[in-house]
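Here is a small set of exercises to work through with the viewer open. Try each task before you read its solution.

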Amino acid sequence: MKDRFNLYRFASPATFYPLAGAMIPYFAAVAVVFGLAGLYIGMLVAPTDFQQGEGYRIIFIHVPASWMSMFIYLVMAFWAAIGLAFNTRLSGMMAQALAPTGALMAFLSLWTGALWGKPMWGTWWVWDARLTSELILLFLYIGYMALTAAIDDTRRADKAGGLLLLVGVVNIPIIYFSVKWWNTLHQGSSVNLTKSSMAETMLWGMLLMAMCFWMYSIAMALMRVRTIMLERERHTDWVRAELAGDGK
Amino acid sequence: MIHWNSFADFLAMGGYGLYVWGSFGVTALIMAVEPIMVARNRKTTIARLKRQLRAESRNASE
């Protein structure tokens, strides 16, 4: 038994900290590679859309940002559930580290959506289901950050924040299915598992950009979680040793 | 394989330049500024924690 690879070891901040530090450059490098490839295909190679002309190219950031805004929230809710159920230290730190990037992704989704909506629908904004629920997602991120920042005791902050995350998770399927459930200006999904309504180069451009956003978000969260670990574990031996060294 | 005839064509985005570049510009800005902010926050946090650690060890030795 004692030789078995132990996954739980990585739930310990002292083990996770150096591991995360070693992985950040790789995630960053891969994000750049995917980003350059995605931009090359999306902006230089992909053909004009027969309905939306060149304006459709906003899709190459709008869709990845929207996907990430929903996915990051799900990951935070997952960590919140783990934290509330098992009282693990790492989970609160992970949720905390992901929130700002998630909020930025939600903002980018709304921003690029407005810039896409204006030329295509004739309006920056409508109060329809898809747009409103995405706006609520942005408010959930901001609410989570404000709530946890307002509570001094980190354990209590994590608990309160975790509850907010779990209650708010109901919003994610609402965003996702809103284009099916309600009449909306927003178009349906362009991609699903069985078929795609897009030209092949367009699809590739979008998937590459999505991978870029994915890797970028992981790199950001890992960078942030390392700082949070030092801060929260400052009274432990491993952080003291880390700070006594070069502390990088 | 390149879709555009000229650089001006590329910039104009078939008349959608403002919307397309407005989207890509703000995204690029955020993705450039966020890592800088995170790195800066890390630096100041480490400096503060080191200060606290030194203060604590001074107090302990007195």
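The exercises below go from the single chains to the contact between them, and they rest on a predicted model.

**Exercise 1. Describe the make-up and extent of chain A.**

Solution. Begin with the secondary structure: chain A has eight helices and zero strands. Reading from the N terminus, the order of elements is α-α-α-α-α-α-α-α. Next, look at the extent: along the principal axes, the C-alpha atoms of chain A fill a box of roughly 60 × 35 × 35 Å. Then turn to burial, where 39% of the 248 residues of chain A count as buried. Finally, consider the contacts in chain A with a separation of 6 or more: 77% of them join residues 24 or more positions apart.

**Exercise 2. Work out how H1(A) and H7(A) are oriented to each other.**

Solution. Start from the geometry: the axes of H1(A) and H7(A) are 7 Å apart, and the packing angle is about 155 degrees. Angles over 145 degrees count as roughly antiparallel. H1(A) and H7(A) are therefore roughly antiparallel to each other. As for handedness, the crossing of H1(A) past H7(A) is left-handed. To finish, sort the residues of this contact by class: 26 are nonpolar, six are polar and one is charged.

**Exercise 3. Decide whether A:Met23 is buried, partly exposed or exposed.**

Solution. First place the residue: A:Met23 lies in helix H1 of chain A. The cut-offs are 20 or more C-beta neighbours within 10 Å for a buried residue and 12 or fewer for an exposed one. A:Met23 has 13 such neighbours inside 10 Å, so A:Met23 counts as partly exposed. For a sense of distance, compare its place with that of A:Leu138: the two are 115 residues apart in sequence, and their C-alpha atoms are 28 Å apart in space.

**Exercise 4. Set the radius of gyration of chain B against that of a compact globule of 62 residues.**

Solution. Count the elements first: chain B has two helices and zero strands. The radius of gyration of chain B is 24 Å, whereas a compact globule of 62 residues would have one near 11 Å. Now add the box: the C-alpha trace of chain B spans about 75 × 25 × 15 Å along its principal axes. Burial completes the description, with 13% of the 62 residues in chain B buried.

**Exercise 5. Find which elements of chain A give two or more residues to the side that touches chain B.**

Solution. Begin with the totals: 30 residues from chain A and 26 residues from chain B take part in the contact. On the chain A side, the elements that give two or more residues are helix H1 (13-45), helix H3 (89-121), helix H7 (200-232) and helix H8 (237-244). H3(A) supplies the largest share of this side, eight residues. By class, the side of chain A that touches chain B holds 17 nonpolar, six polar and seven charged residues.

**Exercise 6. Work out how H3(A) runs relative to H2(B).**

Solution. Take the axes first: those of H3(A) and helix H2 (residues 17-61) of chain B come within 9 Å and cross at roughly 170 degrees. H3(A) and H2(B) are therefore roughly antiparallel to each other. Then list some of the residues that make the contact: H3(A) contributes, among them, A:Leu104, A:Leu108, A:Trp111 and A:Trp116, while those of H2(B) include B:Tyr19, B:Val26, B:Ile30 and B:Glu34. The class count for this contact is nine nonpolar, four polar and two charged residues.

How values were computed
Residues are numbered from 1 along each chain as its sequence is written. Chains are lettered from A and ligands numbered from 1 in the order in which they are written. This is a predicted model: local features need pLDDT of at least 70, side-chain atom pairs count only at pLDDT 80 or more; totals for chains, interfaces and linings use all residues. Two residues are in contact if their C-beta atoms, placed from the backbone, lie within 7 Å. Helices (H or I, at least four residues) and strands (E, at least two) are DSSP runs, numbered from the N terminus. Ala, Val, Leu, Ile, Met, Phe, Trp, Tyr, Cys and Pro count as nonpolar, Asp, Glu, Lys and Arg as charged, and the others, Gly among them, as polar. Axes are lines fitted to C-alpha atoms, for helices over the stretch in contact, and angles run from 0 to 180 degrees between N-to-C directions. Angles under 35 degrees count as roughly parallel, over 145 as roughly antiparallel, 65 to 115 as roughly perpendicular and the rest as oblique. A crossing is left-handed if the near helix is turned anticlockwise from the far one by less than a right angle, and right-handed if clockwise. The radius of gyration is taken over C-alpha atoms; the globule rule is 2.2 Å times the number of residues to the power 0.38.
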